[in-house]
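Visitor: Can you walk me through this one? I'm new to reading structures.

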Amino acid sequence: MPNTLRPLAFADDFIHAELVEDAVDLAVADAIVVNLSPRPMVTGDDYPAIVPAWKSTWLRGGTLRQAERAAMIRVRQRVNLGGCGLRGWDWLGHRIRSFPRDTPLYISAFDHAGTVTTDPRVFTNERGRPEAEQVFDLRLNLWWSPGDTDCFIHNEHPFLEVHTQIHGTGRMQKFRARDAATLYEDVPMAPGASHDPFCRVSGRNAWSYPWHRYYADTDAVWLAVELHPRG
Ligand SMILES: [Fe+2]
């Protein structure tokens, strides 16, 4: 069935969030559309254009011409958006004991968005064509932080991750050590932008990440896209 739609787990009165599968010529009034497929997504009518795997765009009265699976997300209520921690989102410090006690980083509910078959080295851009595909569980969540938040330098993930900016602006940053003074790359994040994967495949279901963090320049909402190896 084309254009199969369902709300994402973090959809609420403040944030419109939908998953579409097998999108065909779907009109999108206003949403950041994230390609959640290893295959290209196609937008446009008179001028069809490609959105590569795991990349995104902002459609405003546009057409999602073809997508295997995509998220469509838009902040629709800005007033009191930052109260997300009072309506079900969790402060990350509740989940990670070592997380700084004074950092206002909040996580939404997870959405389990199905499975993806891909070669992790294609995901990380270490290889152009798939040679060793495997199955991953796709998990999505939103993050929220107020402006000028250091969302903590880290380098350990048992999964492949990328992020899409939904609201406000920030930066995905890389460091040589767990020390903000060792910054060596700033990837600007504005609504509709997705950064390239930071990690390298280091073994079977093993990924090596540089020290990295998200830095919120303004009040910001961004989407985490995680591929967790099956089994
Ligand atoms: Fe990370």
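Guide: We can go from the whole chain to its domains, its core, one strand and one residue.
Guide: This is a predicted model, in which local features need pLDDT of at least 70 and side-chain atom pairs count only at pLDDT 80 or more, while totals for chains, interfaces and linings use all residues. Residues are numbered from 1 along each chain as its sequence is written.

Visitor: What does the secondary structure come to?
Guide: The chain has one helix and 19 strands. Helices (H or I, at least four residues) and strands (E, at least two) are DSSP runs, numbered from the N terminus.

Visitor: And what is the radius of gyration of the chain?
Guide: The chain has 17 Å, which agrees with the value near 17 Å for a compact globule of 231 residues. That radius is taken over C-alpha atoms, and the globule rule is 2.2 Å times the number of residues to the power 0.38. Along its principal axes the C-alpha trace spans about 50 × 45 × 30 Å.

Visitor: Which domains does the assignment give?
Guide: Domain 1 covers 4-75 and domain 2 covers 81-229; such bounds come from an automatic or database domain assignment. Their C-alpha centres lie 20 Å apart.

Visitor: How many residues from each domain take part in the contact?
Guide: There are 19 from domain 1 and 24 from domain 2. Two residues are in contact if their C-beta atoms, placed from the backbone, lie within 7 Å.

Visitor: Which element gives the most on the domain 1 side?
Guide: That is β7, with four residues. The side of domain 1 that touches domain 2 has 15 nonpolar, two polar and two charged residues. Here Ala, Val, Leu, Ile, Met, Phe, Trp, Tyr, Cys and Pro count as nonpolar, Asp, Glu, Lys and Arg as charged, and the others, Gly among them, as polar.

Visitor: Switching to the inside. Which residues touch the most other members of the largest nonpolar core?
Guide: Val33, Ala70, Ala71, Ile73 and Leu223 do, out of 47 residues in that core. A nonpolar core is a set of buried Ala, Val, Leu, Ile, Met, Phe, Trp, Tyr and Cys residues joined through C-beta atoms within 7 Å. A residue is buried if 20 or more other C-beta atoms lie within 10 Å of its own, exposed if 12 or fewer, and partly exposed in between, with C-beta atoms placed from the backbone.

Visitor: Which strand gives the most to this core?
Guide: β2, with seven residues. The core draws at least three residues from each of domain 1 and domain 2.

Visitor: What about β3, is it covered or open?
Guide: Mostly covered: five of its five residues are buried. Ala31, Val33 and Asn35 are on one side, and Ile32 and Val34 on the other.

Visitor: Which strands is β3 joined to?
Guide: Four bridges join β3 to β6, running antiparallel, and four bridges join β3 to β7, also antiparallel. Two strands pair if DSSP finds at least two bridges between them. Ile32 has Trp58 as its bridge partner in β6, and Asn35 has Ala70 in β7.

Visitor: Last one. Why does Phe175 count as partly exposed?
Guide: Because Phe175 has 18 C-beta neighbours inside 10 Å. Phe175 lies in strand β14. Not counting residues up to four places away in sequence, Phe175 touches Ile153, Thr182, Leu183, Tyr184, Trp211 and His212.
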